[in-house]
Amino acid sequence: MMTKEEIARVAHEVNRAYCRALGDFTQSPWELAPGWQRDSALDGVQFHMDHPDAGPSASHEAWMREKIEDGWVYGPVKLVSVKEHPCLVSFDRLPQEQQVKHYLFKAVVRSLVTE
């Protein structure tokens, strides 16, 4: 059985590979990712473990709620230094390629969590 951290690492790396396929090379490997980013992945894994039937929009809403609680706000580009993120919008307003990230994350968690 994989640990929550191992699952989060796989989900993070899948997301990083997907971002690279989109031309976004800003994601660091798990070992080099900042703590807040690893924590976000761990929280995402826990969310899907606690809510296995939750859809991708619920995943996004949980992610967004955590970001806002941590002081992030909407911004047209992701700026970590001032905590701005373009994905701080409702799921239906996300571009499709950003929505896909939540489908991928859920699929990874679901495939690696054993009951």
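**Overall fold and the surroundings of Q37 and K4**

In this predicted model, Q37 touches H12, Q27 and K78, when residues up to four places away in sequence are not counted. Q37 is found in helix 2, which covers residues 35-50. The relative accessibility of Q37 is 12%, and because buried means under 20%, Q37 counts as buried. With one of the residues that Q37 touches, Q27, there is also a polar contact: the side chains of Q37 and Q27 meet in this way at 2.9 Å.

A second residue, K4, was examined in the same manner. K4 lies in helix 1, which runs over residues 4-21. The relative accessibility of K4 is 34%, so K4 falls between the limits of 20% and 50% and counts as partly exposed. Neighbours within four places in sequence left aside, K4 is in contact with L42, V45, Q46 and M49. For Q46, the contact includes a polar one, as the side chains of K4 and Q46 are joined by a polar contact of 2.9 Å. K4 and L112 are 108 residues apart along the chain, yet their C-alpha atoms are separated by 9.5 Å.

The chain as a whole was then considered. The chain contains 4 helices and 2 strands, and from the N terminus on these elements follow the order α-α-α-β-β-α. The radius of gyration of the chain is 13 Å, close to the 13 Å given by the globule rule for 115 residues, so the chain is as compact as a globular protein of that length. The C-alpha trace spans about 40 × 30 × 25 Å along its principal axes.

Contacts between residues at least 6 apart in sequence were also surveyed across the chain. Of these contacts, 51% join residues that are at least 24 apart.

Burial and surface were assessed for the full chain. Of its 115 residues, 37% count as buried, and Q37 is one of the residues that count as buried. The accessible surface of the chain comes to about 6,900 Å². Carbon and sulfur atoms account for 54% of this surface.

The distribution of charge was examined last. The chain carries 13 positive and 17 negative charges. The mean position of the positive charges and that of the negative charges are 4 Å apart.

Notes:
Residues numbered from 1 in each chain as written. Predicted model: local features only at pLDDT ≥ 70, side-chain atom pairs only at ≥ 80, totals over all residues. Heavy atoms only, no water. Buried < 20%, exposed > 50% of the residue type's maximum accessible area, 1.4 Å probe, protein only. Polar contact = N/O pair within 3.5 Å; in protein donor to acceptor, adjacent residues only side chain to side chain. Contact = heavy atoms within 4.5 Å. Rg over C-alpha atoms; globule rule 2.2 N^0.38 Å. Areas by Shrake-Rupley, 256 points an atom, 1.4 Å probe, with all protein chains shown as cover. Lys, Arg positive; Asp, Glu negative; His and termini not counted. Charge placed at Lys NZ, Arg CZ, Asp CG, Glu CD.
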